[in-house]
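Please take a moment to look over the sequence and the 3D structure together before reading on. The paragraphs below then lead through a few parts, one after another.

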Amino acid sequence: APDEDPGPMKVILPDEKTIRKRVKRIKAAFEKNSNFLKHLGGDIRNLHIGEVTDMDNMQLYLGWPGSPVTLEDDPIRYLYGDEVRLWNQDPGENDIVSILMYGLRTYSNISKALFTTVPGTKGDLSDKYHSKCQQYSIHIICPHCGKYHKAAFENVDIDKDENGKFYPAKYYKPDKKNKRRKPRARYVCPKCGVLWTEYERMAAVSGCKACPDGCEIDDNGDIVGEYEDSEEKAISFPAVLLNIAFLKIEDLAADFVGAVKAREMGDISSYRSFWIN
């Protein structure tokens, strides 16, 4: 933020259309933020896309792979890249990510870079840089037994019929008219086997911890196991951690069952897409 810890910042989205759409969507929020507007000279039109925006004591660059602000060798302190799997994939050494990372050298001791993406194709930019990092997973604590475990969709318990088969996918969708209906899918603690309510899941998520792969978190919340700490970290964030305002476990179950049934009919694309996203 310009007032707290200013520094040149680049924000890179997959393409120009995406970044213009994103800015348009949050324009109203920017216009109601008097402090943000102050650093834009009081006019939201001073927020530029594809070129530098001067915000008093820092510069903001909003661009996309291939845009001038992305490729120029500007010294930057903060870097954010979204949906790297959709960026131009250059198999050479000077890919877009490495060009951007090179710009951090001026602030090498205090710079930060964050990239977010759903998994792409093996060997692409997202996979290349993800595999270089120290791998972390998210662990959550059970409100019933007090033990931590790795958050995963595999811990979702889904109702089946008397023959052990899934019901139609729409059967699992939350009933907005009857919110008291018993859930037909729910998260279960793999340590004690107790089924969680959605609010218990949200409470557990609020106290989650990142844990290096191959390690565990003990009852005191400490990491147990050996790992090599690294400045480059990759954290996998499964859908079961999403807030109930965006996605409920029953929604997730419905998508999964729909993908399973599509696979049984010979269409594996939905099943693959489910696990990727």
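What follows is a walk through a helix, a residue in a strand and a cavity.

The model is predicted, and a good place to begin is helix H7, which runs over residues 198-206 and has Arg201, Met202, Ala204 and Val205 as its buried residues. These buried residues cover an arc of only 160° around the axis, which puts them on the same side of H7. An α-helix has 3.6 residues a turn, so residues three or four places apart point the same way. On the face of H7 that is turned away from the buried side, one finds the exposed residues Tyr199 and Ser206, while the cover over the buried residues includes strand E6 (134-141), strand E9 (185-187) and helix H8 (249-264).

Strand E6 also holds Ser137, a residue that counts as buried because its relative accessibility is 5%, and buried means under 20%. The side chain of Ser137 is joined to that of Asp213 by a polar contact of 3.4 Å. When neighbours within four places in sequence are left aside, Ser137 is in contact with Lys150, Lys209, Ala210, Cys211, Asp213 and Ser236.

Turning now to empty space, the model has one cavity of 30 Å³ or more, and the largest cavity has a volume of about 40 Å³. Its lining is made up of Lys10, Thr70, Glu72, Asp73, Asp74, Ile76, Ile99, Leu100 and Gly103; sorted by class, the lining of the largest cavity has three nonpolar, two polar and four charged residues.

Definitions and conventions
Residues numbered from 1 in each chain as written. Predicted model: local features only at pLDDT ≥ 70, side-chain atom pairs only at ≥ 80, totals over all residues. Heavy atoms only, no water. Buried < 20%, exposed > 50% of the residue type's maximum accessible area, 1.4 Å probe, protein only. Helix = DSSP H or I, 4+ residues; strand = E, 2+ residues; numbered from the N terminus. Arc of directions from axis to C-beta. Contact = heavy atoms within 4.5 Å. 1 Å grid on protein atoms, 1.4 Å probe; cavity = no way out; pocket = protein on both sides within 12 Å on 5 of 7 lines; lining within 4 Å. Points joined across faces, edges and corners; volume = space filled by probe spheres on them. Nonpolar A, V, L, I, M, F, W, Y, C, P; charged D, E, K, R; others polar. Polar contact = N/O pair within 3.5 Å; in protein donor to acceptor, adjacent residues only side chain to side chain.
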